[in-house]
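Visitor: I should like a close look at one part of this structure, with the aromatic rings as the starting point. Please continue from there to the contacts of charged side chains.

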Amino acid sequence: MKIGPYTLPSNVFLAPMAGITDQPFRRLCCQLGAGLAVSEMLSANPKVWNTDKSRLRMVHSSEAGVRSVQIAGSDPAELAHAAQFNAENGAQIIDINMGCPAKKVNKKLAGSALLKEPSLVEAIVKSVVDAVDIPVTLKIRTGWCENTRNGVEIAQIAERNGIQSLAVHGRTRSDFYKGNAEYDTIKAIKQSISIPVVANGDIDSAHKAEQVLDYTGADAVMIGRAAQGRPWIFREINHYLSTGHLMDSPSLMEQRDILLSHVRELHSFYGDFMGVRIARKHVSWYLQVHDEEKAFRSKFNALESCEEQLSALKLYFDNLIN
């Protein structure tokens with residue numbers, strides 16, 4: 001699959017997730033087979049760019065793979081400025097967020113709230129595409145609610161105004177993350193436009209990825225929650241799509257090595273204080289299968305230093321392996 005001048009190494013992508021798809025996680029997923037890893041959502045409002053959170057989200061150096069940066073907002077001029085700023089700082093693709101269902105985002109008429117305003121969608125897309133000379137992509141949901149499922153209309157607006165790839169989460173905003181994703185709308189969108197379409201929602205296995213690609217005709221799939229604590233899912237899907245055979249799960253030894261490397265990267269990227277705290281949620285996801293009673297995780301969450309965390313994880317896996 002291509003986006004503008006970029007030929008991507010696989011058609012299995014990491015979905016942008018606020019508070020999760022930071023640079024260390026994106027880099028890890030790319031190393032393990034993600035063809036594209038889109039950044040966490042960045043506000044287009046320059047007044048918040050000086051916060052620690054925003055500054056770290058604007059670090060576009062040392063990325064693995066093509067650097068795709070997602071921006072969010074509702075003002076076409078602000079979004080254009082944010083696109084220019086990030087392009088000047090190393091972004092190679094700008095992705096516009098029109099899929100986030102969070103109330104604090106929607107009340108500012110950003111994220112999936114924009115789906116209720118097709119004319120504003122058009123103004124935003126035009127403004128951002130005209131502002132930069134790098135590809136602009138868009139992520140949407142199927143609509144605001146079941147009665148206003150207008151994904152096809154939004155997709156056609158996007159294509160008409162220069163969007164080069166469209167990712168679609170198979171839920172409306174009203175669904176949040178409840179129930180099951182539906183793929184009929186994604187299929188209809190793919191049939192209505194000629195730019196690449198990326199299917200997103202509930203894709204948690206190699207078999208499901210194949211089924212969704214076959215049913216929708218999409219050009220790629222995007223993995224979100226299923227990658228938390230399981231970043232090797234990308235290579236598993238890639239292997240199955242190319243060979244028709246399931247790949248063995250990583251050994252405990254390899255899982256340990258991946259997790260330890262990830263935690264070290266978090267410590268390095270965020271510093272000792274925040275790195276320790278952010279590592280806790282990632283470790284919890286990795287260990288859901290092994291630590292069903294949460295006995296280790298409750299102890300791990302009380303640790304306050306990088307060294308303590310790494311030592312505890314090494315000992316925990318040594319005991320599992322032996």
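Guide: Let us begin in helix α11 (residues 295-300), where F296 and F300 stand four residues apart and are therefore separated by about one helical turn. Helices here are DSSP runs of H or I with at least four residues, strands are runs of E with at least two, and both are numbered from the N terminus. The model is a predicted one, in which local features need pLDDT of at least 70 and side-chain atom pairs count only at pLDDT 80 or more, while totals for chains, interfaces and linings use all residues. Residues are numbered from 1 along each chain as its sequence is written, and side-chain values use heavy atoms, with hydrogens and water left out.

A pair of aromatic rings is described by the distance of the centres and the angle of the planes. Rings of Phe, Tyr and Trp (its six-membered ring) are paired if their centres lie within 6.5 Å; planes under 30 degrees apart are called stacked, those over 60 edge-to-face, and the rest tilted. Five aromatic pairs are counted by this rule. One of them joins F296 to F300: the centres are 5.7 Å apart and the planes meet at 35°, which makes the pair tilted.

The surroundings of these two rings can be described by relative accessible area (under 20% is buried, over 50% exposed, and in between partly exposed, with a 1.4 Å probe and protein chains only). F296 is buried at 12%, and F300 is likewise buried at 1%. Another pair, Y316 with F317, is edge-to-face, with 5.8 Å from centre to centre and 90° between the planes. Y316 and F317 are both buried. Ring pairs connect F296, F300, Y316 and F317 into a cluster.

Rings can also face charges. A charge sits over a ring when NZ of Lys or CZ of Arg is within 6 Å of the ring centre and within 35 degrees of the ring normal. The charged end of R277 is placed over the ring of F273, 3.8 Å from its centre, and that of R141 lies over the ring of Y177, 5.0 Å from its centre.

Charged side chains also meet one another. In a salt bridge, a side-chain nitrogen of Lys or Arg is within 4 Å of a carboxyl oxygen of Asp or Glu, and the whole structure contains 13 of them. In one, R160 meets E122, with the closest N and O atoms 3.7 Å apart. R160 belongs to helix α6 (residues 151-160) and E122 to helix α5, so this contact ties together parts 38 residues apart in sequence. R160 is exposed, at 56% relative accessible area. Helix α5 (residues 118-131) also holds K126, which is partly exposed at 42%. The C-alpha atoms of K126 and I157 are 9.7 Å apart, although 31 residues separate them along the chain.

A further salt bridge joins D202 and R171 at 2.9 Å, N to O. It links distant parts of the chain, 31 residues apart: D202 is in the loop between β10 (197-200) and α8 (206-216), and R171 in the loop between β9 (166-169) and α7 (184-192). R171 is buried at 1%, whereas D202 is partly exposed at 23%.

R256 and D257 form a salt bridge as well, at 3.4 Å from N to O. Here R256 is buried at 18%, and D257 is partly exposed at 40%. Finally, R171, D202 and R225 are joined into one network by salt bridges that share partners.
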